[in-house]
Amino acid sequence: MVPLNWYIILSAVIFMIGVAGFLIRRNLFIMLMSIELMLNAVNISLVAYSHYLQDMKGQIFVIFIITVAAAEAAIGLAIIVSLFRNKQKIHSDEIAEMRG
Amino acid sequence: MSKYTLIPLLPLIGFVITILFGKQFLKYKTHYVSILAVFGSFVMSVITFFEVAGGARINEDVLAWIFSGAFKVSFGLMIDPLTAIMLIVVTSVSLLVHIYSVGYMHGDTGYYRFFSYLNLFTFSMLMLVTANNLLQLYFGWEAVGLCSYFLIGYYINKKSAADAGKKAFIVNRFGDFGFALGVIMVFLYIGSINYADIFANINTLQGKTIAILGYDCQLVTVISLLLFCGAVGKSAQIPLHVWLADAMEGPTPVSALIHAATMVTAGVFMVARFNPLFDLSPVAMGVVAITGATTSLFAATIALVQNDIKRIIAYSTVSQLGYMFLACGVGAYGAGVFHLFTHAYFKALLFLCAGSVMHAMAGELDIQKMGGLRKFMPVTFATFFIASISIAGIPPLAGFFSKDEILWLAYNGGPVGKLVWVMGTIVAGLTAFYSFRIVYLAFFGKFRGSHEQQHHLHESPKSMTVPLMILAVGAICAGWIGIPELLGGNNWIGQTFFHDVFKHPHITASHAEEWMVIGVSVIVALGGIFVSTYFYFWNPELPKKVGAQYPGIYKVLWNKYYVDEFYDLVIVRPTFWIANKILVGFTDAKIIEGIVNGVPKLIGMFGDKLRKLQTGYVQHYAISMAIGLFVILAIVLISGLK
């Protein structure tokens, strides 16, 4: 039997990889992928706890999150595609239109 | 609501109708409404007068005004002999002024406005005299002040008129401030502002003292002097007399109204109304007497040398009001009010004659440029002449009886009385002199104005001359209600009419002395007329020589003792300095504008710094979110560990 803290550590590690990827990489696609990574890290911990606590609510939430993540990925990709069509840029440092 | 309510109500209705419908509908017919309103009020006043003379006394609350705990004020009516005679004065003079104005203001663009203000003025004064409590008196008091502002500044396009209106209002404010304090103190110490309660409890004030700046002052003296302060402002006594001469900027009928009936008499009326209070304080009485006598002498001397016909008459009013206060100050309230009554007629007459002269002279006011008007305007001349003998105090005209009554009672009034008697007698001579100076300069001799003016000379229309003639009757007969016993009369007004309102002063002097007082005043008046005749009729060149001989005195009198200049230096300029340098320059520019402009500027500055955070780089936002997340986590974990 795999103990709970292993799942938690795995979840934390994947989450940190996602955060680091989001912060360090400048390619919008990679950043979007990092966000997906963070979401899935959270999913792992939710499923783990759900199993540990014998409560199905956690797993129901995971299903929701996966649904939302799919929608979000679709919208995110659409935004990036249209951004690229307009600016021919995919590098986040080059896109700073909202500078105050 | 009894029929007496109509007396003040009718002019109010007239005012409302004329101000609402005057401009569009009534236009040059406005006077019908106004005159009808005042006429109704006059008829009611006459009826009331006879009822009061028959013994009726009215004191009733008409309309609840302020009900707050123990503090109850109503619009009320109190009609006693004092009010009754004031009603006659106010409504009769006002009615004649209204009629006169039809001719005088003919064709003026503000015709409806003028008549509605006249109605409001009359209403205010009637509220003042019929009040049965101090607050209503104060209401009327302020309302006449407001109306005087409207009417003095009636020619709104003329700067001097607007300034004079402001001056009247502001100078009155000084007096009214004291008056308001007096009213408050009466309420504080007596607990009511109804006349009936005040006079019933007036003796409780006696002997009480109040600490002012460390000195113990008699409460009655303090209250009386505060109330008198208001009278000084309203009745143009020293040191607040400066507004009255400038009030000449208004149309002449307004001057007549202000001087004879609706405004300046309010002070005398108020002092007479509060006679039980003033009687308790010998100090206050002394102050009233001396102020009155000094003002009287002071104004009479100024009137000697002025050339503006209306200004001379204005100073004559100040002087005559001084006479009335002199009378009140020696306890002869009845004589003071009697003089108020007779004065109203000859003074209104003098002013309306002056207006008639101005009308003929195309607005010219300088008597040095008149002359010989007798031939062109016989009615004006005759009536002006009657008014002049009346004010000079020649028997048997109205002015003689009231003036003589005052002088006689002053003579009886102890050392202060003797002093003011001497001053009053001198004033009688001066009054005769300056009144006849106008008569000779304006109506006798050769015409000294321009050719156009001479060509334009004409007698005024009927609507103006008829009121003059009616007033002339008043100037002759008004005094006959107070013929002293010595001269075969029964002094009806003093002995019978006022017997329960004023205490009749105690007479100690003998009949021989009374003859002496009468004799002296008549001789002095005749002397004044004689000197005037000598100077301005027989030797027209003499006045200039005399003036040249005493240039110092002449200059001081011509400049009215430099009181205006003094006030300008001591009050007006420092006030303007404070206004410009401190209020406008510092408080307004720095503090108010500093706050108003500073707050947005500060927010703008702050925002300017904050927007630097908004880099537009997604990573920057992300890292701040991450840092925030870690900080919050750290706090939760650390605090959770404890």
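This is a short exchange about how some labels in a predicted model are reached.

Colleague: What should I know about the model and its numbering?
Modeller: The model is predicted, with local features needing pLDDT of at least 70, side-chain atom pairs counting only at pLDDT 80 or more, and totals for chains, interfaces and linings using all residues. Residues are numbered from 1 along each chain as its sequence is written, and chains are lettered from A and ligands numbered from 1 in the order in which they are written.

Colleague: Why does Lys560(B) count as buried or exposed?
Modeller: A residue is buried if 20 or more other C-beta atoms, placed from the backbone, lie within 10 Å of its own, exposed if 12 or fewer, and partly exposed in between. Lys560(B) has 21 such neighbours inside 10 Å, so it counts as buried. Its phi is positive, about 55 degrees, although Lys560(B) is not a glycine.

Colleague: Why does Gln54(A) count as exposed?
Modeller: Gln54(A) has 6 C-beta neighbours inside 10 Å, so the label is exposed. Phi of Gln54(A) is also positive, near 55 degrees.

Colleague: How do you know that the span of helix α6 of chain B agrees with its 32 residues?
Modeller: Helices are DSSP runs (H or I, at least four residues), numbered from the N terminus. The expected span is 1.5 Å times one less than the number of residues. For residues 159-190 that gives 46 Å, and the end C-alpha atoms are 46 Å apart, so the two agree. Just after α6(B), Gly191(B) has a positive phi of about 85 degrees.

Colleague: What makes the peptide bond from Ile238(B) to Pro239(B) notable?
Modeller: That bond is cis, with omega near 5 degrees.

Conventions: Helices (H or I, at least four residues) and strands (E, at least two) are DSSP runs, numbered from the N terminus.
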